[in-house]
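Welcome! Please take a moment to look over the sequence and the model, and then let us walk through the fold together.

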Amino acid sequence: MIEIRINNTGDSCYWLYGKDELWKNYVHEDFDEHVVLYGNRSYNGCKEASWYERAMEILNDIDNWDEYPEDLPGETNEKLKELYDGCRNINDIVVDVIKLLYPNDKFKSGTLTGYCQGDWEYYIVKGDVDTELLEALYFNKIVDVTVIDGNDNISGFITDDDLWKAERNGTLGKLLRERFDIPDEEDVKIYKADGYKKIIDWQEVC
């Protein structure tokens, strides 16, 4: 018999947000080189990617001293000048400049949002990055899940959206079996705790 406990009583996924920033590993194994975050939560942003730093260095040189990089072809510098002359702020053309500098790579940009109106962050990602998972982990839109198999406990999580959809569609058991690789022949009981409670009250849901 395997027990699965879904803890939705608050910030129960503290293990994801230690100094090692484990949550990043779930988004991409080379997170800092594939994900850039900046905006309303800039104090907590991520701007270490080499391609972002290069683009900002070039834009700042143009903006401050009207200097264009000598190591780029003249055609590229002409396009840079065209982009710069047509913008009000260099932040408006960062993505276009990145795509210009790295034409063989795939980039995507957009906005991540939290539950509060004031929680938002711009993102630029390189390659195949799951931006829905990125948003869920960045803004802690996740639920702690513990799988108890005898004396073994496995900690994990599911996103709030996945939990809501699975409960609405009656597929919670299937989702958890697939997520935690539990065979169909294994008996499973699922318990859930909701709300902000000091004493957790587990209710069997499946």
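The paragraphs below go from the whole chain to its sheets and then to the helices beside them.

Keep in mind from the start that this is a predicted model. The protein chain has eight helices and eight strands in its secondary structure. Its C-alpha trace spans about 70 × 35 × 35 Å along the principal axes. The radius of gyration is 22 Å, whereas a compact globule of 206 residues would have one near 17 Å. Of the 206 residues in the protein chain, 42% are buried. The accessible surface comes to about 12700 Å², and carbon and sulfur atoms account for 42% of that surface. You can also ask how contacts link the sequence: among those between residues at least 6 apart, 52% join residues at least 24 apart.

Now to the sheets. Strands of a sheet pair through backbone hydrogen bonds, and they do so either parallel or antiparallel. Both kinds of pairing will come up as we go through strand 1 below.

One open sheet is built from five strands in the order 6-5-1-7-8, and its pairing is mixed. At its edges stand strand 6 and strand 8 (203-204); each has a single partner strand, so one side of each is left without a neighbour in the sheet. Strand 1 is a good place to look inside this sheet. Five of the seven residues of strand 1 are buried, so this strand is largely enclosed by the rest of the structure. How is strand 1 paired with strand 5, and over how many bridges? The two run in the antiparallel sense, and six bridges join them. Two examples can be picked out: Ile-4 has Val-147 of strand 5 as its bridge partner, and Asn-7 has Asp-144, also in strand 5. With strand 7, strand 1 runs parallel, and seven bridges connect the pair. There, Ile-6 is matched with Lys-192 as its bridge partner in strand 7.

A second open sheet has three strands in the order 2-4-3, paired antiparallel. Strand 2 (35-38) and strand 3 (107-113) are at its edges, each with a single partner strand, so one side of each has no neighbour in the sheet. On average, and with direction ignored, neighbouring strands here are turned by 20° against each other. Strand 2 and strand 4 (residues 120-126) are joined in the antiparallel sense by four bridges, and Val-36 has Ile-124 in strand 4 as its bridge partner. Helix 3 (residues 50-65) packs on this sheet and touches strand 2, strand 3 and strand 4. The direction of helix 3 makes about 55° with that of strand 2.

Next comes helix 6 (residues 131-138), which lies across strand 2, strand 3 and strand 4 and runs at about 35° to strand 3. Helix 6 also lies across strand 5 and strand 6, running at about 110° to strand 6. Let us pause at one of its residues, Glu-135, which is found in helix 6. Is Glu-135 buried or exposed? Buried means under 20% relative accessible area, and Glu-135 counts as buried because its relative accessibility is 19%. Setting aside its neighbours within four places in sequence, Glu-135 is in contact with Thr-111, Leu-112, Thr-113 and Lys-141.

Our last stop is helix 7 (residues 160-169), whose buried residues are Asp-160, Leu-163 and Ala-166. These residues lie on the same side of helix 7, because they cover an arc of only 135° around the axis. Turn to the other side of helix 7 and you will find Asp-161, Arg-168 and Asn-169 exposed. What do the buried residues of helix 7 pack against? Their partners are strand 1 (2-8), strand 5 (142-149), strand 6 (152-159), strand 7 (188-194) and helix 8 (172-179). As a whole, helix 7 lies across strand 1, strand 5, strand 6 and strand 7, and runs at about 90° to strand 6. Just after helix 7 comes Gly-170, which takes a positive phi of about 70°.

Note on methods. Residues are numbered from 1 along each chain as its sequence is written. This is a predicted model: local features need pLDDT of at least 70, side-chain atom pairs count only at pLDDT 80 or more; totals for chains, interfaces and linings use all residues. Side-chain values use heavy atoms; hydrogens and water are left out. Two strands pair if DSSP finds at least two bridges between them. Axes are lines fitted to C-alpha atoms, for helices over the stretch in contact, and angles run from 0 to 180 degrees between N-to-C directions. Contact means heavy atoms within 4.5 Å. The radius of gyration is taken over C-alpha atoms; the globule rule is 2.2 Å times the number of residues to the power 0.38. Buried means under 20% relative accessible area, exposed over 50%, partly exposed in between (1.4 Å probe, protein chains only). Accessible areas come from the Shrake-Rupley method with a 1.4 Å probe; for residues, only the protein chains shown count as cover. The arc is that of the directions from the helix axis to the C-beta atoms.
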